[in-house]
Amino acid sequence: MPGRGTPRLGPALTGGDRVSNAERTVLTGARLVLPTGVVENGKIAVENGVITEIAAPVTPPDGAAPALDLTGYTVVPGFVDMHVHGGGGESYHSGTAEQVIKAAHTHLRHGTTTTIASTVTGEIDDLCRQASMLSELVEDGVLAGIHFEGPFISINRCGAHEPDLLRDPDPAVVRKLIDASRGAARMVTLAPELEGGIESIRMLTERGVIAAIGHTDASYDKTLAGVDAGATVATHLFNAMPGLAHRAPGPIAALLEDERVTVELIGDGVHLHPAVVDLAFRGAGASRVALVTDAMDAAGFGDGDYMLGPMAVKVRDGVARLAEGGSIAGSTLTLDVAFKRAVTVNGLPLDTVSRMLSFNPARQLGLSDKLGSLEAGKRADLVVLDASYDVVAVMREGRWAVGAEKLKDRVPVPN
């Protein structure tokens with residue numbers, strides 16, 4: 001069973017200019033997005049990487065020690081991405097340790113303080129070798145775990161996965177990947193209708209690994225059988241599965257209605273129409289939606305030609321598609337953009353959006369007791385946003401990892 005402890009701060013993700021990385025940091029004046037709602041003129045105290053105090057509203061007493069004045073900014077918990085394949089021109093599924101760190105840092109610059117490394121379909125031995133390397137970065141705290149997306153998926157709904165490498169989810173083969181991960185496996189996406197699918201879901205559940213249903217051609221009833229067997233995540237709901245039909249509701253209806261399932265949504269405006277995001281939100285509710293990127297190498301890097309596993313991908317105007325066939329091949333999304341779209345396009349409340357980007361995925365990954373919300377006792381992962389909801393700075397485990405140079409003039413003179 002994989003460890004459920006909090007990922008340690010990866011040394012490779014720290015660095016850069018900082019206002020102050022003293023053992024104690026006090027932030028005042030910002031709008032705080034808390035689990036209980038949004039408060040103005042708040043205060044956050046951080047010591048040794050942990051939030052020690054949340055208070056609002058705050059009036060600094062005479063003679064108070066200088067604090068970092070974040071008036072005009074909004075502070076939200078660090079984003080948690082439970083489905084992402086790479087970024088910054090690098091991939092998690094085929095990159096070296098240095099390339100994986102670069103990809104993780106790309107998403108960190110956009111507010112993602114906790115990230116899973118998602119792989120794509122490949123030869124089992126190749127996936128095992130990559131999992132072994134990724135597990136070391138999980139131990140170092142760079143990553144929070146590994147997600148295997150494929151090869152145990154439907155050829156009819158394979159999307160950007162190589163059809164010739166797909167296979168049925170034989171529990172022994174699935175277990176081989178889990179064992180190669182040395183306790184770092186967090187999630188496996190599979191199609192429950194395939195031979196061995198239900199048995200593999202049960203095996204994963206028994207081992208404490210999330211079974212996710214996706215890239216599937218399953219019927220409504222077979223999808224429910226997968227959930228009954230232990231599946232708790234819908235991999236990018238709506239995408240790579242049959243659409244809703246009034247006589248054949250299929251996996252979408254089953255996954256959307258079941259209270260046991262957290263549904264992933266790719267909020268880039270390409271994978272899903274805003275009305276579909278609204279539909280999913282109304283159907284599942286704020287507690288069961290996790291906004292994810294499903295990002296590939298081009299996220300934070302730009303248009304160009306890339307490889308997604310063995311598949312050639314062209315990215316044009318920020319949209320990734322297979323060079324042959326034109327299927328959407330992941331996204332170039334970062335979670336700060338997903339946050340902004342959910343607020344400005346879908347009109348969702350700040351605390352609801354924050355929950356969908358931070359607490360819900362953290363809870364699903366078994367980490368919500370340590371991170372995913374601004375609460376005393378939790379890890380000091382936070383994102384500072386300006387009035388347009390663009391990232392100003394990012395703190396990870398109490399240290400300014402990104403954007404501290406923008407805050408240098410925000411320290412007030414004490415009274």
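Start by selecting helix 8 and helix 9 in this predicted model: helix 8 passes helix 9 in a right-handed crossing. Helix 8 covers residues 335-344, and the two helices pack at an angle of about 145°, with their axes 10 Å apart. Show the side chains where they meet. From helix 8 come Leu 335, Phe 339, Ala 342 and Val 343, and they face Leu 350, Val 353, Ser 354 and Leu 357 of helix 9.

Keep helix 9 (residues 350-364) on screen and bring in the sheet it packs on. Helix 9 touches strand 13 (210-213), strand 14, strand 15 and strand 16, and its direction makes about 110° with that of strand 16.

Now colour that sheet by strand. It is an open sheet of seven strands, paired in parallel, in the order 10-11-12-13-14-15-16. At its edges you will find strand 10 (117-119) and strand 16 (289-292), each pairing on one side only. For a detail inside the sheet, zoom in on strand 14 (residues 233-234) and strand 15 (residues 262-266), which are joined in the parallel sense by two bridges. There, Val 233 stands opposite Thr 262 of strand 15.

Next, pick Leu 265. Which residues does Leu 265 touch, beyond those up to four places away in sequence? They are Leu 237, Phe 238, Leu 272, Val 277, Ala 280, Val 289, Ala 290, Leu 291 and Val 292.

Widen the view to the nonpolar core. The largest core holds 94 residues, and Leu 265 is among those touching the most other members, together with Leu 143, Leu 204, Leu 237 and Phe 339. You have already met Phe 339, in the helix 8 side of the first stop. Helix 2 (residues 124-139) gives this core its largest share, eight residues. A separate core has 21 residues, including Ile 51, Val 75, Val 384 and Trp 400. As background, nonpolar side chains in soluble globular proteins tend to be buried together.

Two cysteines are worth a click. Cys 128 has a relative accessible area of 11%, so it is buried. Cys 158 is buried too, because its relative accessible area is 10%. How many disulfides does the structure hold? The count is zero.

Move on to the other sheet of the tour. Three strands form an open sheet in the order 17-18-19, with antiparallel pairing. Strand 17 (304-308) and strand 19 (319-322) are the edge strands, each pairing on one side only. On average, neighbouring strands here are turned by 35° against each other, direction ignored. Select strand 18 (residues 311-316) and strand 19 to see the four bridges that join this antiparallel pair. One place to look is Lys 314, whose bridge partner in strand 19 is Arg 321.

For the next stop, centre on His 93, in the loop between strand 8 (90-91) and helix 1 (97-109). Is His 93 buried or exposed? With a relative accessibility of 9%, His 93 lies under the 20% limit and therefore counts as buried. Setting aside neighbours within four places in sequence, its contacts are His 85, Ser 118, Thr 119, Val 120, Gln 130, Asp 297, Met 307, Leu 308 and Gly 309.

Finish at Glu 206, in helix 4 (residues 197-206). Its relative accessibility is 66%, so Glu 206 counts as exposed. To close, draw a C-alpha to C-alpha distance from Glu 206 to Ala 185: the two are 21 residues apart in sequence and 13 Å apart in space.

Technical notes:
Residues numbered from 1 in each chain as written. Predicted model: local features only at pLDDT ≥ 70, side-chain atom pairs only at ≥ 80, totals over all residues. Heavy atoms only, no water. Buried < 20%, exposed > 50% of the residue type's maximum accessible area, 1.4 Å probe, protein only. Contact = heavy atoms within 4.5 Å. Pairing = 2+ DSSP bridges. Axes fitted to C-alpha atoms, helices over the stretch in contact; angles between N-to-C directions. Core = buried A, V, L, I, M, F, W, Y, C linked by side-chain atoms within 4.5 Å. Disulfide = S-S within 2.5 Å. Left-handed = near helix turned anticlockwise from the far one by under 90°.
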